[in-house]
Amino acid sequence: MFKLDMKIMRLPLFIFFFTAALGILTSIFKTDIYATQYRWDEVYKCFLFYFSDFFLPFFASAAIITQIGGTLETRTFPFFCSLPVKENIFVRWLYTFIICFLTFWVTITVMFFAVKNSYNFDISLGRMYYIGFTDLVWFSSLALLAIIITRQIFYAFCFLYGYMFVDLLVGENLIRHRSAFINISGTFPKELADSNRLGYYISSAVIVLISFVLVKTDFPRKVNRKV
């Protein structure tokens, strides 16, 4: 099962690792794109946030969707249902998430110190973790729910990445401080940014719980019968 899933998710996972390496190398060599702009107290506009909030979560969620989606599509679903423990959806989600999270943690830590030592980036490491890990957790959780509900990799991609690009492009003006990319915009003060991040952490936990309930209530099998 894991071998089959790894074969499907190989490309997005490779791109995820490549993007992580690219972020580390460009920050270590003090690329000018990482020059920070002070906006509010402990709020900065910096290209580092594109890696923490968009690029890495994008490819991590793609790896999750492809890793799980192969066994939830109609042609492979009967085999999946024959397995003794259907909750292996969560085992495989956790397996992929941990791989991505550890890589993400190393990448953001190295990039943080590279930018902090080279530019005026006066944020503590703990705060960087708090505001920087949010979108990885959020989009990984949303990817899990999207693939469970749609059971089609294509539709899960359309839903998740349609939402991501709309939020990235117009979220600052449309949903303002509720945007998932509040770090990238750097428009709102620390208090709003902190409450935004907390809201996404809580929402992520709720989404994982909903996904668990859907699998426990046999939602994928019931929907699959009607297809």
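Begin by selecting Asp135 in this predicted model, together with the residues it touches beyond its neighbours within four places in sequence, namely Ser52, Asp53, Pro57, Ser140, Ala180, Phe181 and Arg197. Asp135 is found in helix α6, and, with a relative accessibility of 0%, this residue counts as buried. Is the side chain at this position charged or nonpolar? Asp belongs to the charged class, so a charged residue is here counted as buried, since 0% falls under the 20% limit for that term.

Next, select Ser61, which lies in helix α2 and is likewise assigned a relative accessible area of 0%, so that Ser61 is classed as buried. If you show polar atoms, you will find a polar atom of the Ser61 side chain 2.8 Å from the backbone oxygen of Phe58. Then widen the selection to the contacts of Ser61 that are not within four places in sequence, and Phe139, Ala143, Leu160 and Tyr161 appear.

From there, move to Leu160, one of those partners of Ser61. Which residues does Leu160 contact, once its neighbours within four places in sequence are left aside? They are Ser61, Ile65, Phe139, Leu142 and Ala143, and the residues Phe139 and Ala143 are also on the list for Ser61.

Leu160 leads on to the largest nonpolar core, which holds 59 residues and in which Phe49, Phe121, Met128, Phe139, Leu160 and Met164 touch the most other members. To see where this core draws its residues from, colour the elements that each give two or more, which are α1 (2-28), α2 (48-72), α4 (88-118), α5 (125-132), α6 (134-150), α7 (153-174) and α9 (190-216). Of these, α2 makes the greatest contribution, with 12 residues. In soluble globular proteins, nonpolar side chains tend to be buried together.

Now go to Phe90, in helix α4, where a relative accessible area of 13% means that the residue is buried. Leaving out the neighbours within four places in sequence, the residues in contact with Phe90 are Leu144, Val208, Ser211, Phe212 and Val215. A distance drawn between the C-alpha atoms of Phe90 and Leu144 should read 8.6 Å, although 54 residues separate the two in sequence.

For the next stop, turn from the side chains to the empty space between them. How many cavities of 30 Å³ or more does a search of the whole structure find? The search finds two, and the largest cavity has a volume of about 80 Å³. Select its lining, which consists of Glu42, Val43, Tyr44, Phe49, Arg127, Ile131, Ile182, Asn183, Gly186, Thr187, Phe188 and Ala193; Phe49 is also among the core residues that touch the most other members. By class, the lining divides into seven nonpolar, three polar and two charged residues, and at least two of its residues are supplied by each of β2 (43-45), α5 and α8 (182-185).

Finally, clear the selections and look at the whole chain in a cartoon view. The secondary structure comprises 10 helices and two strands, and, reading from the N terminus, the elements follow the order α-β-β-α-α-α-α-α-α-α-α-α. Over the 227 residues of the protein, 49% are buried. Among contacts between residues at least 6 apart in sequence, 75% join residues at least 24 apart, and the pair Phe90 and Leu144, 54 residues apart, offers one such contact to display.

Note on methods:
Residues numbered from 1 in each chain as written. Predicted model: local features only at pLDDT ≥ 70, side-chain atom pairs only at ≥ 80, totals over all residues. Heavy atoms only, no water. Core = buried A, V, L, I, M, F, W, Y, C linked by side-chain atoms within 4.5 Å. Buried < 20%, exposed > 50% of the residue type's maximum accessible area, 1.4 Å probe, protein only. Helix = DSSP H or I, 4+ residues; strand = E, 2+ residues; numbered from the N terminus. Contact = heavy atoms within 4.5 Å. Polar contact = N/O pair within 3.5 Å; in protein donor to acceptor, adjacent residues only side chain to side chain. 1 Å grid on protein atoms, 1.4 Å probe; cavity = no way out; pocket = protein on both sides within 12 Å on 5 of 7 lines; lining within 4 Å. Points joined across faces, edges and corners; volume = space filled by probe spheres on them.
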